[in-house]
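Biologist: I am new to this structure and should be grateful for a close look at a single part of it. Please place that part in its wider setting as well.

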Amino acid sequence: MKSLATTTKALIDPVCGMKVDPDKTDLVATHQGRSYYFCAEACRKAFEANPQKHLEPKPAKPKGWWGRYLERMAKSNKELFGGTRPHVTEPEPSGPMGNAHFSQLRIISDMRVLGGLVLFAVSWKVLFRSQRNHELAVTGPYARVRHPQHTAFMMIMLGFLVQWLVWRHDSPVLV
Ligand SMILES: [Zn+2]
């Protein structure tokens, strides 16, 4: 009960951001009718020298490399395309890389990913059961393939590879 009370009462030292229990410190400063508590005398002095500086909302944390990357992408996207995805009119596709062929590939790869997932799940069940019974897995998919989970995994990966190719083909900006 006591710990709950202290956590709810704990305040933030506006200078260094540390949690301070106002019951346990007499390092207090008053500014515009509010009391602020500090972890150390140095923090209190820094606050009293310039309270406003420490009460202003802190500037947003510098973004990491990923945030900067996204920002740069958004900026160049805006410069190049006005913020919207460009509409690219492609010539009518022909030959083996035509769109018809690719949509077939897409369906096949979808089915392969799905099939791989199903096979994976089914194999898992068989493997679990035979492990519990201390016997070799020979039923279900194991009657046909030696390593169904390996096969399933390969199917999923192959499916994703094909999807990636399709996606690359369909995304003129990113090619
Ligand atoms: Zn402090």
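Which does Ala-10 count as, buried, partly exposed or exposed, and why?

Modeller: Ala-10 counts as partly exposed because it has 15 C-beta neighbours inside 10 Å. On this scale a residue is buried if 20 or more other C-beta atoms lie within 10 Å of its own, exposed if 12 or fewer, and partly exposed in between, with C-beta atoms placed from the backbone.

Before going further, please note that the model is predicted: local features need pLDDT of at least 70, side-chain atom pairs count only at pLDDT 80 or more, and totals for chains, interfaces and linings use all residues. Residues are numbered from 1 along each chain as its sequence is written.

Ala-10 sits in the loop that links α1 to β1 (11-12). Helices (H or I, at least four residues) and strands (E, at least two) are DSSP runs, numbered from the N terminus. Leaving out residues up to four places away in sequence, Ala-10 touches Lys-19, Val-20 and Asp-21; a contact requires C-beta atoms, placed from the backbone, within 7 Å. Pro-22 is 12 residues from Ala-10 along the chain, yet their C-alpha atoms are separated by 6.6 Å.

The helix before this loop calls for caution. Helix α1 (residues 2-9) has the lowest mean pLDDT among the elements, 46, whereas helix α2 (residues 41-49) has the highest, 94. Here pLDDT is the predictor's confidence in each residue, from 0 to 100. Residues 1-7 fall below 50, and beyond near neighbours in sequence this stretch has one contact in the model. Where pLDDT is low, the predicted coordinates should not be read in detail.

One of the residues that Ala-10 touches, Val-20, belongs to the largest nonpolar core, alongside Val-15, Tyr-36, Tyr-37, Phe-38, Cys-43 and Phe-47. Such a core is a set of buried Ala, Val, Leu, Ile, Met, Phe, Trp, Tyr and Cys residues joined through C-beta atoms within 7 Å. The elements giving two or more residues to this core are β4 (34-37) and α2. Within the core, Cys-43 is in contact with Val-15 and Phe-38, and also with Asp-13 and Cys-16, neighbours within four places in sequence being left aside.

As for the wider setting, the chain has six helices and four strands, in the order α-β-β-β-β-α-α-α-α-α from the N terminus. Of its 175 residues, 12% are buried. The chain averages a pLDDT of 73, and 59% of the residues score at least 70.

Technical notes. Two residues are in contact if their C-beta atoms, placed from the backbone, lie within 7 Å.
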